[in-house]
Number of protein chains: 2
Amino acid sequence: MKDIARVVGVSVNTVSRALADKDDISDGTKQKILEAAKKLKYTKNHLAMGLRGKHTQTIAVIVPENSNPFFAEVIKGIEETVKARGYGLILCNTEQDPEQEKQAIELVLEKRVDGVIFSPAQGDKNILQQLQEHEKPFVLVARYFKNINVNYVVSDNLLGAFLITQHLIEQGHHRILMLNGTREPSSARDRLEGYKKALKANGLTFDDSIVRFGAMEAEDGYRMIKADLKKGRASLNFSAVFCFSDYVAVGVMKAFQEEGVAVPDDIAIAGYDDLFFSSVLCPPLTTMRIPKRELGRIGGNILLKLIKSKKSDPVIQRVLKPRLIVRGSSLKIRNR
Amino acid sequence: MKDIARVVGVSVNTVSRALADKDDISDGTKQKILEAAKKLKYTKNHLAMGLRGKHTQTIAVIVPENSNPFFAEVIKGIEETVKARGYGLILCNTEQDPEQEKQAIELVLEKRVDGVIFSPAQGDKNILQQLQEHEKPFVLVARYFKNINVNYVVSDNLLGAFLITQHLIEQGHHRILMLNGTREPSSARDRLEGYKKALKANGLTFDDSIVRFGAMEAEDGYRMIKADLKKGRASLNFSAVFCFSDYVAVGVMKAFQEEGVAVPDDIAIAGYDDLFFSSVLCPPLTTMRIPKRELGRIGGNILLKLIKSKKSDPVIQRVLKPRLIVRGSSLKIRNR
DNA sequence: ATCATCAACATTAACGTTCATGTGAACGAT
DNA sequence: ATCGTTCACATGAACGTTAATGTTGATGAT
């Protein structure tokens, strides 16, 4: 700007106002300034603008893992939403690690993002304290905390798990291995509730020896099933597996395949999320359809609204309904 | 800092130096300053630091689509690499749109990122001009431009396509439908070359009526095959499909499945990228294994090196070798 | 002729840092 | 006693913007 001002022969302020397209500037000088800007390859400095003004036109997305197809879709929904309104996006993976979550929040606060979309991977709601102390607008997405008055958008995990479990029970399965996600987040907690609820509704007893935690990726599913199968097929004390995600189910299916366990004839499988490949897996995967990208879009929109209004509007909490998708992986032969 | 300085009774500069852990500060004052910083919830301002210093500790990643599992892996590789060195990451999706590419580059220049990792989706190398004019360090990843002296890390698409096509030919296929990616990027161009080369090596003639462009996602593959099948199964004038990505292959398989076309017995399919789910598709997918995350890691490391040195070091251009993974989707029954 | 009004600019300060430079006191050496 | 050093800090300027306020000359009204 200084250079432009010198070239055109005006003050820096005039340049600023010309570039911002304010009024009270003569068309002549404005034109000259714009030309000079082009000639000098002027590029706005968002750092200076952010420092001077009070917003950076940047938001942060803090998720466990961008390569997990579920979060990839959520991120995409956020990105397209905020980009349309001129916001940039800072991405942080936490790898379900509380320490990394803390670091990510600290980082984005230091970067003075205008708001944060966060998918927490732990149970301790104190992780939100920093955001709150700094009065940074934020929205939880896909995971939330119980009894806390913050904005979030999630899907109904309790219902989803209930429906899936109910379906497996209807298929004649009484012992259903639950490969749940990491123990702390609401997603895993709520699904455990749904699973228990379905068992109870059907008069089945809950056995926590066939509930495992920590299955987030395909490798996890693969590893867990492989470990089970090491003790021999006869030792399997379940007839169905309810996976935390289709992503996990992929690993589970791979493990069964390698060990010659037939799905669904020997063991039934259900996933979660309805990822794009699930209908062409071998066999096609029964799953729960979640509006993944929509989660991101809604989260983005809530955040943008928060940033705009700045006031503490009434808290927005949205719970989207999932939908059971029954496919071959859970169907007894006689039902196919 | 001003507040801390007032509380402790020192100058702002002293505060700055204490927080930066410089020497020539007495332990006493340093301690007092750190305490006051904590008490006042001081948070570094990266905007101011970036404005004053000459780096922002932020890099940009500009890719076609973060939700595409291939790029999701690349992004992950980049993220983990740069995070380890204290860099933040700005993510931009371009959706293969030259206009969005231009906007993304402009945006990240305005944000004064220290460097850019870019996966261009068009053939016009002028898109790099802005980056070069601003002397912004950048690395191309997964796609490059011919005859241009810039840093990149890619996989050998010509070789990959050659090997896949060769394999399909060996399986007895003479007419292989190529569902290529968008026409412009090097990935699609090189694979077309590899495809042609394999045909020629086997004395087959190239027929551009069975080469399609624009297949990037599952939906694209689905749509294209569905359109073909609308004219009736008898009209199919190919016996194998070589998809731009396993992602595309998922859609292709879904379309065939819906229309009762058996894979591989009626039509063989090969994908590309070896995505995590490909081995448990129905049937398991023949594909080309690409070190996706490694592409990101290497790209990130090159960029960081560039940022450090700042000098125009010798250009780094890495071409990673792919590996053919043969699975059921391409095997004639008698070969299984 | 006088004065308010207004258009079109300029000046100043501030956003939060850090670098370059300045300063004063204490200290040791001669 | 004098001088150079060193330590531990302070001062000022600058990074690139923009909001608040100031200035000037022209215009029009009376």
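I count a residue as near a strand if one of its heavy atoms lies within 4 Å of it. The model I am reading is predicted.

**Entry 1. DNA strand D**

I looked up what surrounds DNA strand D and found 26 residues, the closest being S16(A), R52(A), S11(B), T14(B) and S26(B). Of the strand D atoms that come within 4 Å of the protein, 61% belong to sugar and phosphate.

I then went through the polar contacts to phosphate oxygens of this strand. A polar side-chain atom of T14(B) sits 2.5 Å from one. For S26(B) the partner is a polar backbone atom, at 2.7 Å from a phosphate oxygen. From chain A, K22(A) places a polar side-chain atom 3.3 Å from a phosphate oxygen of strand D.

Which elements supply at least two residues each of the surface near DNA strand D? I noted α2 and α4 of chain A, and α2 and α4 of chain B. Sorted by class, the residues of this surface are eight nonpolar, ten polar and eight charged.

**Entry 2. DNA strand C**

I repeated the search for DNA strand C. Here 26 residues surround the strand, with S11(A), T14(A), T29(A), S16(B) and R52(B) the closest. Sugar and phosphate make up 62% of the strand C atoms that come within 4 Å of the protein.

For contacts, I recorded an N or O atom in the side chain of S16(B) at 2.5 Å from a phosphate oxygen of strand C. The side chain of T14(A) likewise has an N or O atom 2.6 Å from a phosphate oxygen of this strand. R52(A) reaches a base: a backbone N or O atom of R52(A) is 3.3 Å from a base oxygen of strand C. The elements giving two or more residues to the surface near strand C are α2 (12-19) and α4 (46-52) in chain A, and α2 (12-19) and α4 (46-52) in chain B. That surface holds eight nonpolar, ten polar and eight charged residues.

**Entry 3. Chain A against chain B**

I checked the interface between the chains next. In contact are 49 residues of chain B and 49 residues of chain A. The two chains bury about 4,600 Å² between them, and 58% of this is on carbon and sulfur atoms. On the chain B side, L47(B), F276(B) and V280(B) lose the most area to chain A, together 16% of what that side buries.

**Entry 4. Helix α5 of chain A**

I looked at α5(A), residues 69-83, which has 15 residues. Its end C-alpha atoms are 21 Å apart, and this agrees with the 21 Å expected at 1.5 Å a residue. Is the helix enclosed or open? I found 13 of its 15 residues buried, so α5(A) is largely enclosed by the rest of the structure. At its start, a side-chain oxygen of N68(A) comes to within 2.9 Å of the backbone nitrogen of F70(A).

**Entry 5. Helix α8 of chain B**

I did the same for α8(B), residues 157-170. This helix has 14 residues and reaches 20 Å from first C-alpha to last, close to the 20 Å expected. Ten of the 14 residues are buried, so α8(B) too is largely enclosed by the rest of the structure. Among the buried residues I listed F162(B), I164(B), L168(B) and I169(B), and also N157(B), Q166(B) and H167(B).

At the N-terminal end, D156(B) acts as the cap, with a side-chain oxygen 3.3 Å from the backbone nitrogen of L158(B). Just after the helix, G172(B) takes a positive phi of about 100°.

Definitions and conventions. Residues numbered from 1 in each chain as written. Chains lettered and ligands numbered in written order. Predicted model: local features only at pLDDT ≥ 70, side-chain atom pairs only at ≥ 80, totals over all residues. Heavy atoms only, no water. Polar contact = N/O pair within 3.5 Å; in protein donor to acceptor, adjacent residues only side chain to side chain. Helix = DSSP H or I, 4+ residues; strand = E, 2+ residues; numbered from the N terminus. Nonpolar A, V, L, I, M, F, W, Y, C, P; charged D, E, K, R; others polar. Expected span 1.5 Å × (residues − 1). Buried < 20%, exposed > 50% of the residue type's maximum accessible area, 1.4 Å probe, protein only. Contact = heavy atoms within 4.5 Å. Buried area = accessible area lost by both parts, 1.4 Å probe.
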